[in-house]
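Q: Could we go through the side-chain packing of this model together? I will ask as things come up.

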Amino acid sequence: MSTTDRSRGARVSDAAGAGVTGPAGTLAAEGAENADDRVGTPVRRSRAATFRKSMSNPWASLIAIVIAVLWTIPTAGLLISSIRPEFSVKNTGWWTWFTNPEFTANNYNLVLYGSEGFATVFINTIVITLPAVVIPITLALLAAYAFAWIEFPGRDWIFVGVFALQIVPIQIALIPLLTDYVNWGIAGSFWPVWLSHSIFALPLAVFLLHNFMKDIPRSLIEAAMVDGAGHVKIFFQVLLPVLTPAIAAFAVFQFLWVWNDLLVALIFGSAQNTAPLTVRLANIVGTRGSEWHLLTAGAFISMIVPLVVFIALQRFFVRGLLAGSVKG
Amino acid sequence: MDLLLNANSAGEKFTVMIIAILLFVAVMTIILFAVDRPRNVPGWLAAIAFAGPALLLLIFGLVRPALITIYQAFFDRTGENFVGTDNLAQIFATPDLRQVIYNTFAWTILTPLVATFLGLLYAVLVDKTRFEAVAKALIFLPMAISMVGASIIWRFVYDYRADIGDNTQIGLANQVLVWLGFEPYQFLLQQPWNTVFLIIVFIWIQTGFAMTVLSAAIKAIPDDITEAAKLDGVSGVQLFRFVTVPAIRPALIVVLTTLAIGSLKVFDIVRTMTGGQFGTSIVANEFYTQAFRQGDQGLGAALALILFILVVPIVAYNVRQQRISEEVR
């Protein structure tokens, strides 16, 4: 296998089947996750040894540690600040906490149940996120199946068209969509948010899931056809079980994107009843940008769910990332 | 009906959410059931049932609005009077808006280069070390945080207190300056460097992405290639330059492209950290300001159009590179 071939697993716009589940891709994805397990295997040892010899000098380690520390400190500062009393947060640096540890849940109390009402916007975020993950993934799975396994005229061209839509910045669709929602009388409810997230997720979702689906051996589907199964049956009973890891990969992806989104929420869902965490948080930054005790606690509340999901399902997220890179 | 459009309590909201999901499931079930009933449905009918809903949504929600926006870019602020290319001309003639374009270029060039460089460096440094998994997780973690959250984290790092004698800072960056004997610095106010400090936030988020993809590519390099190079007496930095980098070239291009497109569209960081003031606005943010804050639809649409025009060459380059590497094989 040539070098170019091997690294295909990590390519974005690699149309068709070179996605992550191919032999090279799996190796790449697993490698990122399971590096430790592989160090000892004979195949890898030679290269490992080379790298150890060339890179494991003190300077290399020092640089790696400096980067790791720089990447971690900002978040650590936020977390420590969020449990410090208001007066301390506003008057001394969070690093003084190490010599003078103080704990309070008051910031969280204020943010969740006080005038900021984060308990409510937290619920809004959940209500927005679940359908905005379930609906586009279902639609994309069905469409990906059609592009991968149903013969119909113009299939390849339409698929390229869907793929190309990834390069359209969503900004370009916002004004006309908002006009429609207002005309239909659904502006200010959850529906425009669900609808918009579903639409914007589709190009990438169809593309990625199609790649995963193409990698399923043709014989598996043909066997089912011989048994007299129709498309619906093949989709649900043959493909869906095999695809679960791929679906999980994209679901984590879509979940993080919707949960963390500000633009769509700001334009279609910033009404009192529907505003998610990100919108409220951005508002507080605008109006009370120096209320650090509220901001740090609020930011952490908005981070906690994605962080947990991310840490728990990191494997899948990496798969999704390597299959097609981030949302374009 | 009122409940569906105006849910107030948590219970009502969850009810509406469940209704929405059930409604969706019901519609999809009916469609699939309809094509599955008759034996041997023709291919095109099955295709419509499977791909139809997604295609309809895309045409309605992306293709059509994009065309409308492109059309709107040639009309005035109310969208009624045709003004030709006046909006585009205005963007390039107004110093503030020209600044927006310059900033966008700074984002699109700096972010991919720096994030890719750091990601590659880090991937190589921690490759095969004992702490690889943990070390990578630390860099990767910011990707899970919303850009609004990240902005708050970094506003806190950059926070500035005027020196009123005791010189206590609560922002870490300024405290470090003070410890080193410098004056505290207004990171987010002083042009043009404030744009760079915003870009750093995005680099902080995206380096994990670059690192993950590049690390996977490095691990996929076949051993025989490195073996052969070693037999030829190549090692260390040379091995990296002449073997590793060429081998992961396709992955490098992908990372650079993705990051460039991502930084073109980034909105949340600028919105939350400076609101686009103090000369830090970029096209994606200025679009929001013009279209939704200033009510200038034409100018907003023109900015969206520019965004689109800027993305196209990056994608074209990527497609070209892909074709080249395919020919090589």
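Q: Which residues form one aromatic cluster with B:Trp154?
A: The cluster joins B:Trp154 with B:Tyr158, B:Tyr185, B:Phe187, B:Phe197 and B:Trp204; rings of Phe, Tyr and Trp (its six-membered ring) pair if their centres lie within 6.5 Å, with planes under 30 degrees apart counted as stacked, over 60 as edge-to-face and the rest as tilted. This is a predicted model, where local features need pLDDT of at least 70 and side-chain atom pairs count only at pLDDT 80 or more, while totals for chains, interfaces and linings use all residues. Side-chain values use heavy atoms, without hydrogens and water.

Q: And how many aromatic pairs over all chains?
A: The whole structure holds 38. One of the pairs, B:Trp107 with B:Phe202, is tilted, at 5.9 Å centre to centre and 55 degrees between the planes.

Q: Where do B:Trp107 and B:Phe202 sit in chain B?
A: B:Trp107 lies in helix H5 (residues 95-126) and B:Phe202 in helix H9 (residues 193-219), 95 residues apart, helices being DSSP runs of H or I with at least four residues, numbered from the N terminus.

Q: Are they buried or exposed?
A: Both B:Trp107 and B:Phe202 are buried, meaning under 20% relative accessible area with a 1.4 Å probe and protein chains only.

Q: Switching topic, what does A:Met213 touch?
A: Beyond its neighbours within four places in sequence, A:Met213 is in contact (heavy atoms within 4.5 Å) with residues including A:Leu141, A:Tyr145, A:Trp149 and A:Phe235.

Methods:
Residues numbered from 1 in each chain as written. Chains lettered and ligands numbered in written order. Helix = DSSP H or I, 4+ residues; strand = E, 2+ residues; numbered from the N terminus. Buried < 20%, exposed > 50% of the residue type's maximum accessible area, 1.4 Å probe, protein only.
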